[in-house]
Amino acid sequence: MQTYRPIIAIVSCHKMVDGQPAQAVYQKYIDAVHFYGGNPILLPNTAAENENFAALIAIADGILLTGSYSNVAPARYGALHLEEKQDLGRDELSFKLLAHAEKVGTPLLAVCRGLQEMNVHFNGTLHPDWREVDGFYEPHLEDNTQPLEVQYQPVHDVIIQPEGRLAAFGEKWHVNSLHKQAINTVGRGLFVEARAPDGLVEAISLIKHPFMIGVQWHPELNYAQDNLSKFLFKEFIHYASKKHGS
């Protein structure tokens, strides 16, 4: 008997490819979903249109909000600063996906920008740049003068809270860190799953939900070897499989 592979809808981002606008997802996200038994599909920003959204979300067993070069638009959380790296189409689709997942219980994993979108969806706020906030001292932003394989290496610990979903994994782990925006006030109904030693929020979950977790680091980068990445993707695909009895 063939095992059902749950369909995982992955949000796409606006990119310029060979001088032309494109909708894109980094291959590692696709590979990670596929590796752990999911069937990835990519959602362009036109999926946010009502008729398109209803048809596409009906086939999705899980939702993956990826990291991105762009940042959440300031207007989404009441900020007034100028944000040069915006992707308003991505914002529209991500927040619609979050509202759907909250309403019907669709499993959702949010990475980096995705965690920030998740927090804002639940009326939380963000620091536009954690470097401008007193007290954060861990190396949360990559050195982009280094090769990519160096930029994505683990650089600081995360301390996992004992009452949360990640507690089943353990108490502490070493993660990578490549972000400028960070959680300021935590959104309603969200539980802080993990923090960096300097207090920066590294993971959140929606308490009254089968599986909605956001992480600030990038588990997709070493999905097949890193133990915490394995835990996250296995749990995500497990919950996405549940409505089919897997």
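**Exercise 1.** Which residues is N119 in contact with, leaving aside its neighbours within four places in sequence? Describe the surroundings of this residue.

*Solution.* The model is predicted: local features need pLDDT of at least 70, side-chain atom pairs count only at pLDDT 80 or more, and totals for chains, interfaces and linings use all residues. Residues are numbered from 1 along each chain as its sequence is written, and side-chain values use heavy atoms, with hydrogens and water left out.

Step 1. Find N119 in helix 4; helices (H or I, at least four residues) and strands (E, at least two) are DSSP runs, numbered from the N terminus.

Step 2. List the contacts, where contact means heavy atoms within 4.5 Å. N119 is in contact with G124, T125, L126, I183, T185, V186, G187, L190 and I204, with its neighbours within four places in sequence left aside.

Step 3. Look for polar contacts, that is, pairs of N or O atoms within 3.5 Å; within protein, one must be able to donate a hydrogen and the other to accept it, and residues adjacent in sequence count only if both atoms are side-chain atoms. The N119 side chain reaches the backbone oxygen of T125 at 3.1 Å. A polar atom of that side chain also lies 2.8 Å from the backbone nitrogen of G187.

Step 4. Check the accessibility. Buried means under 20% relative accessible area, exposed over 50%, and partly exposed in between (1.4 Å probe, protein chains only). N119 has a relative accessible area of 0%, so it is buried.

**Exercise 2.** Describe how helix 3 and helix 4 meet, and why helix 4 counts as largely enclosed.

*Solution.* Step 1. Take the axes, which are lines fitted to C-alpha atoms, for helices over the stretch in contact, with angles from 0 to 180 degrees between N-to-C directions. The axes of helix 3 (residues 88–104) and helix 4 (residues 113–121) cross at roughly 65 degrees and come within 10 Å.

Step 2. Name the residues. Helix 3 contributes R90, D91, S94, F95, L98, A99 and E102 to the contact, and helix 4 contributes R113, G114, E117, M118, V120 and H121.

Step 3. Examine helix 4 by itself. Nine of its nine residues are buried, so helix 4 is largely enclosed by the rest of the structure. After helix 4 comes N123, whose phi is positive, near 70 degrees.

**Exercise 3.** Place L98 and M212 in their surroundings.

*Solution.* Step 1. L98 is in helix 3 and is buried, at 0% relative accessible area. Not counting residues up to four places away in sequence, L98 touches L65, L108, E117, M118, H121 and M212. L98 and L65 are 33 residues apart in sequence, yet 9.1 Å apart in space, C-alpha to C-alpha.

Step 2. Beyond its neighbours within four places in sequence, M212 has contacts that include L98, L108, M118 and F122.

**Exercise 4.** Is R165 buried or exposed, or does it fall in between?

*Solution.* Step 1. Locate R165 in the loop between strand 8 (156–160) and strand 9 (172–175).

Step 2. R165 counts as partly exposed because its relative accessibility is 26%.

Step 3. Not counting residues up to four places away in sequence, R165 touches E193, H209, P210, F211, I213, F231 and Y239. A polar atom of the R165 side chain lies 2.8 Å from the backbone oxygen of H209.

Step 4. For a separation through space, take E83: it is 82 residues from R165 along the chain, and their C-alpha atoms are separated by 33 Å.
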